[in-house]
Amino acid sequence: MLDPYAKAIGRDIHWDDSLFGYKIGDPGADLSLDDRDNAAFCPLASVIDTAFTWGDDRSPRIPWHKTLIYEATFAG
């Protein structure tokens with residue numbers, strides 16, 4: 001999944017069958033489950049707002065494994 005509001009992609013896209021949620025060629029078709037780690041192939045959204053400041057933020061010192069973080073702000 002790629003953020004629909006992403007303005008840039010942070011790395012080249014390398015298509016792989018693990019990007020589907022199911023196993024290609026499985027008799028169960030799209031009812032099968034592909035539990036391979038596809039993190040190496042997923043496109044990444046990239047921040048391009050030059051006015052944004054990261055301050056003292058740093059990358060976490062833990063490995064990322066099938067993590068999805070989506071934040072949205074709604075004005076009410």
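A salt bridge here is a side-chain nitrogen of Lys or Arg within 4 Å of a carboxyl oxygen of Asp or Glu. In this predicted model, a search of the whole structure turns up one such pair. The partners are aspartate 34 and arginine 36, whose closest N and O atoms sit 2.6 Å apart. Side chains of opposite charge can pair when their charged atoms come close. The two partners differ in how much cover they have: aspartate 34 is buried, since its relative accessible area of 8% is under 20%, whereas arginine 36 is partly exposed at 41%.

Stepping back to the chain as a whole, there are zero helices and zero strands to use as landmarks. Of the 76 residues, 5% count as buried. The accessible surface comes to about 7,000 Å², and carbon and sulfur atoms account for 56% of that. As for contacts, take those with a sequence separation of 6 or more: 54% of them link residues 24 or more positions apart.

One spot worth a look is serine 32. At 13% relative accessibility, serine 32 counts as buried, because the cut-off is under 20%. Its side chain has a polar atom 3.1 Å from the backbone nitrogen of lysine 23. The backbone oxygen of alanine 29 also has a polar atom of this side chain for company, at a distance of 2.7 Å. Leaving aside residues up to four places away in sequence, serine 32 touches Gly21, Tyr22, Lys23 and Asp26. Alanine 29 has a backbone quirk of its own: its phi is near 50°, a positive value in a residue other than glycine. In terms of cover, alanine 29 is partly exposed, with a relative accessibility of 39%.

Tyr22, one of the residues that serine 32 touches, leads on to the aromatic rings. Two aromatic pairs are counted in the model. In one of them, tryptophan 15 and phenylalanine 20 meet edge-to-face, with 5.6 Å from centre to centre and 85° between the planes. Phenylalanine 20 also pairs with tyrosine 22; here the ring centres are 5.3 Å apart and the planes lie at 50°, so this pair is tilted. Put together, Trp15, Phe20 and Tyr22 make up one aromatic cluster. Tryptophan 15 is exposed, because its relative accessible area of 59% is over 50%. Phenylalanine 20, by contrast, is partly exposed at 28%, and tyrosine 22 is partly exposed with a relative accessible area of 28%.

Trp15 turns up again on the outside of the model, where it joins Leu2, Ile9 and Ile13 in a nonpolar surface patch of about 410 Å². Leucine 2 has a relative accessible area of 31%, so it counts as partly exposed. It can still belong to the patch because the requirement is over 30% relative accessible area.

Proline 43 brings a distant part of the sequence to this patch. Not counting residues up to four places away in sequence, proline 43 touches Leu2, Ile9 and Ile13, which are among the patch residues. Proline 43 and alanine 8 are 35 residues apart in sequence, yet their C-alpha atoms are 10.0 Å apart in space. Proline 43 itself is partly exposed, with a relative accessible area of 25%.

Key:
Residues numbered from 1 in each chain as written. Predicted model: local features only at pLDDT ≥ 70, side-chain atom pairs only at ≥ 80, totals over all residues. Heavy atoms only, no water. Patch = residues over 30% accessible without salt bridge, like charges linked within 9 Å, V, L, I, M, F, W, Y side chains within 5 Å. Areas by Shrake-Rupley, 256 points an atom, 1.4 Å probe, with all protein chains shown as cover. Buried < 20%, exposed > 50% of the residue type's maximum accessible area, 1.4 Å probe, protein only. Contact = heavy atoms within 4.5 Å. Polar contact = N/O pair within 3.5 Å; in protein donor to acceptor, adjacent residues only side chain to side chain. Helix = DSSP H or I, 4+ residues; strand = E, 2+ residues; numbered from the N terminus. Phe/Tyr/Trp six-rings, centres within 6.5 Å; stacked < 30°, edge-to-face > 60°.
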